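The following exercises concern a protein and its ligand. Please study the sequence and the structure, attempt each task, and then read the solution.

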Amino acid sequence: MKKIAIIGAGQVGATTAHRIAEKGLGNIVLIDVVESVKGKALDLLEAAPIEGHDCRIIGSTDYKEIRDSDIVVVTAGLPRKPGMTREDLLEKNKEIVKEAAENIKKYAPNSIVIVVTNPLDVMSYLVLKTTGFDTKRVIGMAGILDSTRFRAFIADELDVSKRDVDAMVLGSHGDTMVPIPEYTTVAGIPITELLSKEKIKEVIERTRNAGAEIVSYLKTGSAYYAPSAAVAEMVEAIINDSRRLVPASAYLQGEYGYSDLYMGVPVKLGKNGIEKIYELKLSKEAKGQLDKSAGIIKANIKEAMK
Ligand code: TXD
């Protein structure tokens, strides 16, 4: 079995472990600074006879336990509270993520890293620079989440099965994310054929604010069911080498005209991590929005690397 380490056993980390175990994807090591991580791991393990999987699951406060992991998921760090943007988390989370990255480099030098901690694109950059890993092996999770939100809202709007909706959301995982209606379809039909311009605008706005909408209800934390489903989908694609084509935050070196930053783009995910980055033709409007997204990410990267 493959070994999957999850750094940070909070809402997203623990729920991700739950999903990965029930899919039987590999043995799991949960790492956190708080002792409760050991209890969460035991609780998950004790469900195994009922769920019918044989994954080993341990919880630890010692990074040594991630030794030789095949995949490491980084969720350690603070989540948003009402009124906060993802960028507001930068100062606190950069120290936590840097520490995680140093330990990944030391104990799991051949792993593929999926970064989840916010601000997502900036934290992915920090992990890449701290580990020195090949750019294929450091991937940010955001696009699948933003797209699944967009898909769910479109399906509701049209009263069709959620399974039939495919969507593409590019750019930063933040208020400047760029949902692309031209590449968003229902059973192959572009949504531009099915929904009015105004409706599409409305759904895009709701997608951009979907994280904040949940934070406003939860008050003490942010979303984790859909985020963990998105992470598990990425882990599964890598472990099964299924070459899924999904949006994810990737290190760009000239693609879309941007360099030396992480941003959400369509990628092929397989056993080596990012097997390919796809460059889509974009409308002037979408490219303009992407430029704005890139500008914000660049500024935050500068701040993070100080
Ligand atoms: O789309 C996306 N990328 C995201 C990102 C979707 C959802 C959540 N997103 C972000 O993930 C969120 O803004 C946060 O920055 C992280 C984690 O969110 P989560 O909801 O899981 O936060 P919790 O429940 O507070 O869990 C964080 C855990 C908690 O158990 C801490 O004790 C632990 O991180 N933590 C640490 N673990 C290891 N090492 C260190 N130093 C550490 N510091 C805190």
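**Exercise 1.** In this predicted model, identify the polar backbone atom that lies 2.8 Å from a nitrogen atom of the ligand, and then examine the side chains that approach oxygen atoms of the ligand.

*Solution.*
Step 1. The backbone atom belongs to Met 141, and its partner is a nitrogen atom of the ligand at 2.8 Å. Because a polar contact requires a pair of N or O atoms within 3.5 Å, this pair qualifies.
Step 2. In the side chain of Asn 118, an N or O atom is 3.0 Å from an oxygen atom of the ligand.
Step 3. His 173 also places a polar side-chain atom 3.0 Å from a ligand oxygen.
Step 4. The ligand on its own would expose 860 Å², of which the protein buries 87%.

**Exercise 2.** Describe the space that the ligand takes and the elements that contribute to the shell around the ligand.

*Solution.*
Step 1. The ligand takes up the space of the largest pocket.
Step 2. Two or more residues of the shell come from helix H1 (11-22) and likewise from helix H4 (90-107). The most is given by H4, with 3 residues.
Step 3. The ligand is surrounded by 28 residues, and the closest are Gln 11, Val 12, Asp 32, Leu 78 and Met 141.
Step 4. By residue class, the shell holds 17 nonpolar, 9 polar and 2 charged residues.
Step 5. Domain 1 (3-141) and domain 2 (143-304) each supply at least three residues to the shell.

**Exercise 3.** Which residues are joined by a cis peptide bond, and which residues other than glycine have a positive phi?

*Solution.*
Step 1. The cis peptide bond lies between Asn 118 and Pro 119, with omega at about -5°. Asn 118 has already appeared in Exercise 1, through its side chain and a ligand oxygen.
Step 2. Pro 119 belongs to the loop between strand S5 (112-115) and helix H5 (120-131).
Step 3. Asp 241 has a positive phi, near 50°. This residue is in the loop that runs between helix H9 (225-239) and strand S12 (244-253).
Step 4. Tyr 256 has a phi near 60°, also positive. Tyr 256 is located in the loop between S12 and strand S13 (259-270).

Definitions and conventions:
Residues numbered from 1 in each chain as written. Predicted model: local features only at pLDDT ≥ 70, side-chain atom pairs only at ≥ 80, totals over all residues. Heavy atoms only, no water. Near = heavy atom within 4 Å. Polar contact = N/O pair within 3.5 Å; in protein donor to acceptor, adjacent residues only side chain to side chain. Areas by Shrake-Rupley, 256 points an atom, 1.4 Å probe, with all protein chains shown as cover. 1 Å grid on protein atoms, 1.4 Å probe; cavity = no way out; pocket = protein on both sides within 12 Å on 5 of 7 lines; lining within 4 Å. Sits in = over half its atoms within 2 Å of the grid points. Helix = DSSP H or I, 4+ residues; strand = E, 2+ residues; numbered from the N terminus. Nonpolar A, V, L, I, M, F, W, Y, C, P; charged D, E, K, R; others polar. Domains from an automatic or database assignment.
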